[in-house]
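Q: Please take a close look at how the interior of this protein is packed. Start with any empty space and follow the packing outwards.

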Amino acid sequence: MTKKYPSLLDEFISGTATPEDPVLAELNRITCQKVLNPRMISGHQQGQLLTFLSHMIRPELIIEIGTFTGYSAICLARGLKAGGTLHTIDKNDELRELALKYFEKAGLTNRIILHNGDALQILRSIDLLFDLAFIDGEKSEYPDYLKLLIPMLKPGGFLIADNIFWNGKVLNPDCREDPSTMGILNYCEMLKGNKQFENTILPIRDGLMISRKLR
């Protein structure tokens, strides 16, 4: 029974939560059928949480690092203030048309700007202050994203970082030589030691770290 518990709990959560809407369900299905590494998609449980958080924060400007097929961008953009904009960055331009197609289906074409290219270079070219940042890009680059995002985030703004557990590798001493694992661990340490931020971690899927900039 113990081994079955996690899957039963997932079924309970999915069955109790608001159902995935048709646009997101279709995007989820297409991603699983046609895209390499479909598990990278945020999915229903995490996507619903991102929408909730965005609605609670009511951001005017959001920055996302790691678009993939656009699922999380849609979820976050649904909580934008009227007239607000989400900027999303992904290095893989092969998924651009798929993401844009579903931004249009979700009625968010005019609210989401998709940048393709190196996230670090693109971040340096954006001169805006954001209310919310969602990090789901290259794990080894998390500390570099953080250095650039801190001055781009308004006081009271939020950082959300995905894959903080990294499939449990952050707890495995044998993974300390892995650049992705060390990127995540260094990101956490940087925020832990920064008095500008308060932090918490939600154990949903592969772990979400949520940080609020105090000043």
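A: A residue is called buried here when its relative accessible area is under 20%, exposed when it is over 50%, and partly exposed in between (1.4 Å probe, protein chains only). The model is a predicted one, in which local features need pLDDT of at least 70, side-chain atom pairs count only at pLDDT 80 or more, and totals for chains, interfaces and linings use all residues. Residues are numbered from 1 along each chain as its sequence is written, and side-chain values use heavy atoms, with hydrogens and water left out.

Let's begin with the enclosed space. One cavity of 30 Å³ or more turns up in the whole structure, and the volume of the largest cavity is about 50 Å³. On a 1 Å grid over the protein atoms alone, a cavity is a set of points where a 1.4 Å probe fits but cannot get out; a pocket is an open set with protein on both sides within 12 Å along at least five of seven lines, and lining residues have an atom within 4 Å of a point. Points are joined across faces, edges and corners, and the volume is the space filled by probe spheres set on them.

The wall of the largest cavity is made by Met40, Ile41, Ser42, Gly66, Thr67, Phe68, Thr69, Gly70, Tyr71, Ser72 and Asp136. By class, that lining has four nonpolar, six polar and one charged residues; Ala, Val, Leu, Ile, Met, Phe, Trp, Tyr, Cys and Pro count as nonpolar, Asp, Glu, Lys and Arg as charged, and the others, Gly among them, as polar.

There is open space to consider too. The largest pocket holds about 870 Å³. It is lined by 33 residues, and the closest to its centre are Met40, Phe68, Asp136, Gly137 and Lys139. Met40, Phe68 and Asp136 also belong to the lining of the largest cavity. The pocket lining divides into eleven nonpolar, eleven polar and eleven charged residues.

Thr69, one of the residues lining the cavity, is a good place to pause. Thr69 sits in the loop between strand 1 (61-65) and helix 4; helices (H or I, at least four residues) and strands (E, at least two) are DSSP runs, numbered from the N terminus. Because its relative accessibility is 0%, Thr69 counts as buried. Leaving aside residues up to four places away in sequence, Thr69 touches Leu27, Thr31, Val35, Ile41, Leu95, Leu98 and Ala99, contact meaning heavy atoms within 4.5 Å. The C-alpha atoms of Thr69 and Ala106 are separated by 13 Å, with the two positions 37 residues apart along the chain.

Two of those partners lead to helix 5 (residues 96-105), where Leu98, Ala99, Tyr102 and Phe103 are buried. Down the helix axis these buried residues fall within an arc of 135°, so they line one face of helix 5; the arc is that of the directions from the axis to the C-beta atoms. Glu97 and Glu104, on the other side of helix 5, are exposed. The buried residues of helix 5 pack against helix 2 (22-34), helix 4 (71-77), strand 2 (85-90) and strand 3 (112-116). Just after helix 5 comes Gly107, with a positive phi of about 75°.

Leu50 gives a second view of the interior, from helix 3 (residues 43-57). Leu50 also counts as buried because its relative accessibility is 0%. Beyond four places in sequence, Leu50 touches Ser42, Ser72, Cys75, Leu76, Phe134 and Ile160. Of these, Ser42 and Ser72 are among the residues lining the largest cavity.

Next comes helix 7, in which Tyr142, Pro143, Tyr145, Leu146 and Leu149 are buried. Their directions fall within an arc of 160°, so they line one face of helix 7. They pack against strand 1, helix 6 (119-125), strand 4 (130-135), strand 5 and helix 8.

Asn163 is in the loop between strand 5 (153-162) and helix 8. Its phi is near 60°, a positive value in a residue other than glycine. Most residues other than glycine have a negative phi. Asn163 counts as buried because its relative accessibility is 13%. Arg205 has a positive phi as well, about 50°, and lies in the loop between strand 6 (197-202) and strand 7 (208-213). At 43% relative accessibility, though, Arg205 counts as partly exposed.
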